[in-house]
Every structure is written in C-alpha cells, then in structure tokens.
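Student: I'd like some help reading a structure. Could we start with the cysteines?
Tutor: Happily; let's bring it up.

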Amino acid sequence: MGRGCFITFEGIDGCGKSTQIRFLTDYLKEKGRDHLLLREPGGTVIGENIRNILLDKKNTGMIPMTELLLFEAARAQIVSEVIKPAVEEGKIVICDRFFDSTSAYQGYARNMGSEVVENLNRLATGGFEPDITFLLDISPEEAFSRRVARGEEDRIEKLGMEFQEKVRAGYLELAEKSPRIVKIDGTMSPEDTAEAILSHLEGLI
Ligand code: T5A
C-alpha cells in the first residue's frame, strides 16, 4: 500500500477544530476510509501524561522554556510511535494541532523566536510534515464567547485575549509563508466550514 495522508487542524483556542474534525471523520467513516484521529499534545500514553502537566492550571510556575520543550517531547513521541508508522502504512491521519501550534503559541505569542522553534520542530519530527493544514481563523472575542459556554479554562486559555490575539497574528503570518497551510474562515456555519475543508481535500483523501 502507498503512503497515506497527514492532515492537521490549527487555530486559536475555541476556533472550532474539534467540531470540524468530527465532520471530517464522519465523512471518512461514511466512505469506509481507514483513518486515525489524534491530538497534540497527547495521542500516546507518554504524551497524555505530558498534556496533563502542560494544561494543569496549578502549574503557574512553568517557565516558557519548560513549556516549549514539553510540547516538543510529546511531539517526538507521537510522531515516532504513531503518526509516521500509520502514514507509511497508508492510513489517513488527522491531528488536532501539530507543530504550527508551537510556532504560533511559543514562537510568536510567547516570543521565544521563530528560528528556535522551527529548529526544535524539525528535531522533534525528524522533518516529518503534514500534507495539508487547515487554519480556522476567527477573532479571539468570538472564540471566547464560544468557550465560555463550555465552562472552565485550562492553563493556556487563562492567558487571556491579548495572548490569543498574538497567537492569531502568528498563525496568519505562518499561513502567508506556507502553501501547506489553508486558511479557512472559521466564522461560517459548521456545515459551510466543513464543505470548504472538503473541497481542499479532493485528490488527497
Ligand atoms: N498548545 C498546543 C501550545 O501552546 N503549543 C503547542 O505546541 C500545542 C500542540 C491545547 C492547548 O495547548 C496549546 C494550545 C491550547 O491552548 P486543546 O485541548 O487542544 O488545548 O484546546 P483547544 O485547541 O483550544 O481546543 P478547544 O476544544 O478549546 O477548541 P476547538 O477544538 O478549536 O473548538 P470546538 O470545536 O470544541 O468548538 C468550541 C465551541 O464552539 C462551538 C462548538 O460547539 C463548541 O461549543 N462551535 C461553533 N459555534 C459556531 N459556529 C461554528 N462554526 C462553530 N464551530 C464550533
């Protein structure tokens, strides 16, 4: 069997990724296509443990470098243990966040430097990249109003609106630079957004 396909979803907190991933996996199920759904940080036993440390709001003392290296550690594990073997086996792999999150959150918003983050992304993935990335673009205000309906915030969501604004600006700059990243208007209805995403997947899945 040939190589599969690696699709990632990105955007600020509460932009609608999980909702769109549900639409896509329902579509793939309907078509009987073999696929795997993962999330970052997480997706492996080690990665889920790292996720708990990263998102625990009690960990207020975590310095940005620790945060960056923990995201990359979880990534190294999931790429080697799950993503790369599955794509090589011919599976469609969908991941809720990947290295563009680190570029936008830690590189831009935390101001840790895009070159440092790009180098660490490459180190963690061994150069393995998504075939296509969907960036769901919405304003932090709109994302916030969607999130409050859901309740309690995690450590990173607690950083507030100004932080989310910086993350969004980082994502938009990444999308300008990379043809791999497809920017989608996340303010559309869930159904229209799903249709826009599917139109970009023709020939890939
Ligand atoms: N992080 C992660 C880093 O800082 N660096 C990294 O390298 C990585 C990998 C992860 C956190 O870690 C950070 C980023 C994050 O802060 P997470 O659990 O992945 O945390 O959290 P989020 O990515 O923020 O996921 P969320 O579940 O909060 O948001 P989603 O998945 O984007 O949004 P979703 O689909 O759950 O939708 C949110 C709400 O909006 C509604 C939904 O019903 C839901 O209630 N909604 C819509 N409403 C109107 N119109 C639409 N089109 C809608 N789509 C969804």
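Student: Is Cys15 buried or exposed?
Tutor: Cys15 is buried, with a relative accessible area of 2%. Keep in mind that this model is predicted. Cys5 is buried as well, at 3%.

Student: How many disulfides does the structure hold?
Tutor: A disulfide needs two cysteine sulfur atoms within 2.5 Å. This structure holds zero. For Cys15, the closest cysteine sulfur belongs to Cys95 and lies 14 Å away, so the gap is too far for a bond. Cys95 also has the closest cysteine sulfur to that of Cys5, but at 13 Å this is again too far for a bond.

Student: And how should I read the nonpolar core?
Tutor: In soluble globular proteins, nonpolar side chains tend to be buried together. Here the largest nonpolar core has 37 residues, and Ile7, Phe9, Phe134 and Val167 touch the most other members. Helix H7, residues 161-177, supplies the largest share of this core, with five residues. A second, separate core has 13 residues, including Val79, Phe98, Phe99 and Phe128.

Student: Which residues does Val167 touch, not counting those up to four places away in sequence?
Tutor: Val167 touches Ile12, Ala104, Tyr105 and Ala109.

Student: Which residues come nearest to the ligand?
Tutor: Of the 26 residues around the ligand, Lys17, Ser18, Thr19, Arg51 and Thr102 come nearest. Now look at side-chain N or O atoms: one in Arg51 is 2.5 Å from a ligand oxygen, and one in Asp13 is 2.7 Å from a ligand oxygen. In Gln106, such an atom is 2.9 Å from a ligand nitrogen. Taken alone, the ligand exposes 1,000 Å², and the protein buries 82% of that.

Key:
Residues are numbered from 1 along each chain as its sequence is written. This is a predicted model: local features need pLDDT of at least 70, side-chain atom pairs count only at pLDDT 80 or more; totals for chains, interfaces and linings use all residues. Side-chain values use heavy atoms; hydrogens and water are left out. A nonpolar core is a set of buried Ala, Val, Leu, Ile, Met, Phe, Trp, Tyr and Cys residues joined through side-chain atoms within 4.5 Å. Buried means under 20% relative accessible area, exposed over 50%, partly exposed in between (1.4 Å probe, protein chains only). Helices (H or I, at least four residues) and strands (E, at least two) are DSSP runs, numbered from the N terminus. Contact means heavy atoms within 4.5 Å. A residue is near a molecule or strand if one of its heavy atoms lies within 4 Å of it. A polar contact is a pair of N or O atoms within 3.5 Å; within protein, one must be able to donate a hydrogen and the other to accept it, and residues adjacent in sequence count only if both atoms are side-chain atoms. Accessible areas come from the Shrake-Rupley method with a 1.4 Å probe; for residues, only the protein chains shown count as cover.
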